[in-house]
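Good morning, colleagues, and thank you for making time for this presentation. Please look at the sequence and the structure as I bring them up.

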Amino acid sequence: MSSISKEFKNLLVFLGILSISLTAYIFFRYPLKFNSDFMLFIVLTIIAESLVIVTSTRGGVTLGFGVIIPVAIIFGPKGAIICAAFGNLLSIYKVDNQYKHLFNIDVHKTIGNSANYIISSAVSSLFYVMINGEIGVTNIYNSMILMLLTSLVFVVTNMTITGFFIIKLTDYDPKDVFKENFSGLIPNVLGVSAVSIIIVIAYINFGVEAVLLLFFPYLLIRYSFQLVFDMRQAYINTIKALSSALEEKDPYTQGHSERVEKYSAILAKATGRKIDMQQLQYAAIFHDIGKIGIMDTILNKPGKLTIEEFDAIKEHPSKGVRILDSVSFLKKANEIIGSHHEHYDGTGYPNGLKGDEIPFESRIITVADIFDAVTTDRPYRGAMTDQEALEIITQESGRKLDPYLVERFLTLYNEGRFAE
Ligand SMILES: [Fe+2]
């Protein structure tokens, strides 16, 4: 709790009060037919919420609201918020091989997620009632458009609140956050609506048993998704193991990839250009992976390298490309890696590319790479000060480095952005 900002606390308090007020209003205003069917829906929500699809970027995605919308329609607003609350509080999910549950998740996360879910459920179910949606529908076909609109309200509310969290917790530009967050709006709404409509049709026509039957293919789909993400993670872990092997071989590079990753990400964001941040991140982490194929005696040589030895070192970008070539989802990252020693003026290697011929992301990594390399100890010299490094970066503007990126880098440095 102590590490979060005051502004973030205020947002949590505001959302907490809003969700409690909405809950109180709904409890007072709407009845609920509490029966065994409803209990089953609570259990299904908890299961759906527990099945977080862990993606490598933004934490996780859950499919719980595919159950909450049908509950809002079959049992009304009170049912929806009860399901949302239970689903959120009692779910148990696995992240990084560790089970997460109510008792080991940060309190502020639990408050934030629960409030988000309760508010989204309350707002969307109240909306459904307001547009004259019938609770416990008898004719599903008349209600389809209303259900679609209700899902839209749910997803928009949920994404807006999530967007505010991201803005308060990170320094991303609010415009980008909303653009990125809402880019998946239509598939999300259609997905949720389709699942919701099918569940409602099954329930009305065939009873609760049909809902259970439907739930299994839903689990299977989710499982397949998870397998794809797990497979990617397995690849990444294997390559990370290779990276650690490289760090053992060449201790001077220890921590280098992580710092290059950090500087590159900050620099990339500041350019405002459309960049695949994930691929840039992979490229930064693995940019020197090709050095694994270069002899230790050359990598760790304290003195000046001979021409032959330097030629051997020069092969590391191409060796890296060969190592990662078979990993299809690293295609873009690999292209970036292959050009991280090209120079803006065309004097670099392996292909002597010039200016815009060099991928923009590679040019970003080159700046970050040089800055970190000169500010850390190397076998052939000690670390230089930041000031000396900045002078080198300035001298290399238009030579090794893209002048535009050098200018951005110096500005960011002076703003203290790399020290954070
Ligand atoms: Fe390199």
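I shall begin with the chain as a whole and then turn to two places within it.

Please note that this is a predicted model. The chain contains 18 helices together with four strands. Along the principal axes, its C-alpha atoms fill a box of roughly 85 × 40 × 40 Å. The chain has 420 residues, and 31% of them count as buried. As for the contacts with a separation of 6 or more, 68% of them join residues that are 24 or more positions apart.

Let us now consider helix H3. How many of the residues of helix H3 are buried? The helix covers residues 65-75, and 11 of its 11 residues are buried, so the rest of the structure largely encloses it. Among the buried residues are Phe-65 at the start, Pro-70, and Phe-75. After H3 comes Gly-76, which has a positive phi, near 95 degrees.

The second place is a pair of helices. Helix H16 spans residues 360-374 and helix H18 spans residues 403-414; their axes come within 10 Å and cross at roughly 50 degrees. Because of that angle, H16 is oblique to H18. The crossing is right-handed. Which residues of H16 and H18 make the contact? From H16 come Arg-363, Ile-364 and Val-367, while H18 supplies Leu-405, Val-406 and Phe-409. Sorted by class, the contact of H16 with H18 comprises five nonpolar residues, one charged residue and no polar ones.

That concludes my presentation, and I thank you for your attention.

Technical notes. Residues are numbered from 1 along each chain as its sequence is written. This is a predicted model: local features need pLDDT of at least 70, side-chain atom pairs count only at pLDDT 80 or more; totals for chains, interfaces and linings use all residues. Helices (H or I, at least four residues) and strands (E, at least two) are DSSP runs, numbered from the N terminus. A residue is buried if 20 or more other C-beta atoms lie within 10 Å of its own, exposed if 12 or fewer, and partly exposed in between; C-beta atoms are placed from the backbone. Two residues are in contact if their C-beta atoms, placed from the backbone, lie within 7 Å. Axes are lines fitted to C-alpha atoms, for helices over the stretch in contact, and angles run from 0 to 180 degrees between N-to-C directions. Angles under 35 degrees count as roughly parallel, over 145 as roughly antiparallel, 65 to 115 as roughly perpendicular and the rest as oblique. A crossing is left-handed if the near helix is turned anticlockwise from the far one by less than a right angle, and right-handed if clockwise. Ala, Val, Leu, Ile, Met, Phe, Trp, Tyr, Cys and Pro count as nonpolar, Asp, Glu, Lys and Arg as charged, and the others, Gly among them, as polar.
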